[in-house]
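Let's walk through this structure together, one piece at a time. Please keep the sequence and the 3D view open as you read.

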Amino acid sequence: MKRRQAIKSTAYGSAYALFFAQLVACKSNRESVESIVKEEILKRKVMLPENTPYTMDFLQGNVGFFTERGGTIGWMIEDGHTAIVDTQFPDQSHHLLDQLNSMQDGHIDLLINTHHHGDHTAGNIVYKNLTDRIVAHENSKTNQLANAKKNGNEDKQLYPNELFKDIWTTKVGSETITLDYFGAAHTDGDAITHFENANVVHMGDLIFNRRFPYIDMSAGASISNWINVLDKVLNKFDVKTKFIFGHSDNGFDVTGGKEDIKAFQNYLSRLLIFGEQSIKSGITLDELRMSTTEIPGAPEWKGKGIERSLEAVYTELG
Ligand SMILES: [Zn+2]
């Protein structure tokens, strides 16, 4: 039944009709037909209807990404099992679910929040009756509660109901999903999600790919420890690991490899050095804001938003 729904869907329609007809012609065993269809689904690109406002595709194995507005979403499907990492905003979560439901039945085994920021958790509410399990780092929930109170939108939140401190692991279908916390970085509650079989890691906002980062000092961020956290990531994962990034600048991907992590780590190191030198030279934050368009040694980071880095480095070192 699940496969029949997939074949009927707009996303897969005509390609699968032909493919399925070919299979039926040469296979009599229903079980093997279904398992081959399943494998083919997982190998294919996500075929989106025309003019969608979003991008969605498989990345490696049965894990993919979705991006429209806010922090990139990760997802995994496997014959009736689904896991999702982050939710952007309600409209975006509906768009994602429309596509996932066209591939298979809609039960969501697990929702993961990489951290509390609204562009990663505002869509949680869509999952209110769709999943029993929402997991995040314990500080992520504390931060989400505090922000909701401050912004007066507590009624629009759905909070994690499973919390972890250092490491957390579970099975969804045949996939093992492990969350690590390596210490303060973008916030004090950034989870790193590894889909072990697929070998895909969702980094949340620990990577801003060639885009000036938001460094949330009000939620316990630390530039110097962020560099250490990325060292732990580089040590833990291998050359075949594919990474999903929270954000990227125009023209750069929201997915990538270790070289992109090293490049961002270099950005943070150069930012710290630049901050130290500027403070030592007696330059005020206002003067620095007026005169800086680029961090020396990290020219790939350009465009809007450098002032957030300058303010954060002065707060951390000040
Ligand atoms: Zn964030």
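## A guided walk through the fold

We can begin inside a sheet, where β9 pairs with strand β10 (residues 192-195) in the antiparallel sense, over four bridges. To find this pairing in the view, look for Thr 178, whose bridge partner in β10 is His 194. Keep in mind throughout that this is a predicted model.

On its other pairing, β9 (residues 175-180) runs antiparallel to strand β8 (residues 167-172), and six bridges join the two. Two pairs help to trace this ladder: Ile 167 has Asp 180 as its bridge partner in β9, and Lys 171 has Thr 176. Two residues lie between the strands of this hairpin, and Gly 173 takes a positive phi near 60° there.

How do these strands fit into the wider sheet? They belong to an open sheet of six strands, in the order β8-β9-β10-β11-β13-β15, and the pairing is mixed. The edges are formed by β8 and β15 (255-256), each of which pairs on one side only. As a reminder, strands of a sheet pair through backbone hydrogen bonds, in either the parallel or the antiparallel sense.

Let's step back for a moment to the whole protein. It holds ten helices and 15 strands, and buried residues account for 42% of its 318 residues. Take the contacts between residues at least 6 apart in sequence: 65% of them join residues at least 24 apart.

Now please turn to the stretch that leads into helix α4. Between β3 (73-78) and β4 (81-85) there is a loop that contains Asp 79. This residue is not a glycine, yet its phi is positive, at about 35°. Asp 79 is partly exposed, because 16 other C-beta atoms lie within 10 Å. Further along, the loop between β4 and α4 contains Asp 86, another residue other than glycine with a positive phi, here near 70°. Is Asp 86 buried or exposed? It counts as buried, because it has 32 C-beta neighbours inside 10 Å.

After that loop comes helix α4 itself, which covers residues 90-103. Its 14 residues, at 1.5 Å a residue, should span 20 Å, and the end C-alpha atoms are indeed 20 Å apart, so the two values agree. Buried residues of α4 include Gln 92, His 95, Leu 96, Leu 97, Leu 100 and Met 103.

The last stop is the set of helices around α8. Two packed helices are described by the angle between their axes and the distance between the axes. For helix α7 (residues 223-236) and helix α8 (residues 258-280), the axes come within 9 Å and cross at roughly 160°. Angles over 145 degrees count as roughly antiparallel, and α7 and α8 are therefore roughly antiparallel to each other. Their crossing is left-handed. On the α7 side, the residues that meet α8 include Ile 223, Trp 226, Ile 227 and Leu 230, while Ile 261, Gln 265 and Leu 268 are among those that α8 contributes.

Helix α8 also packs against helix α10 (residues 306-317), at an angle of about 65° and with the axes 9 Å apart. That makes α8 roughly perpendicular to α10, and the crossing here is right-handed. Here Leu 271, Leu 272, Gly 275, Glu 276 and Ile 279 of α8 meet Ser 309, Val 313, Tyr 314 and Leu 317 of α10. Leu 271 and Leu 272 are worth a second look, since both also appear among the α8 residues that meet α7.

Key. Residues numbered from 1 in each chain as written. Predicted model: local features only at pLDDT ≥ 70, side-chain atom pairs only at ≥ 80, totals over all residues. Pairing = 2+ DSSP bridges. Expected span 1.5 Å × (residues − 1). Buried ≥ 20, exposed ≤ 12 C-beta atoms within 10 Å, placed from the backbone. Axes fitted to C-alpha atoms, helices over the stretch in contact; angles between N-to-C directions. Parallel < 35°, antiparallel > 145°, perpendicular 65-115°, else oblique. Left-handed = near helix turned anticlockwise from the far one by under 90°. Contact = placed C-beta atoms within 7 Å.
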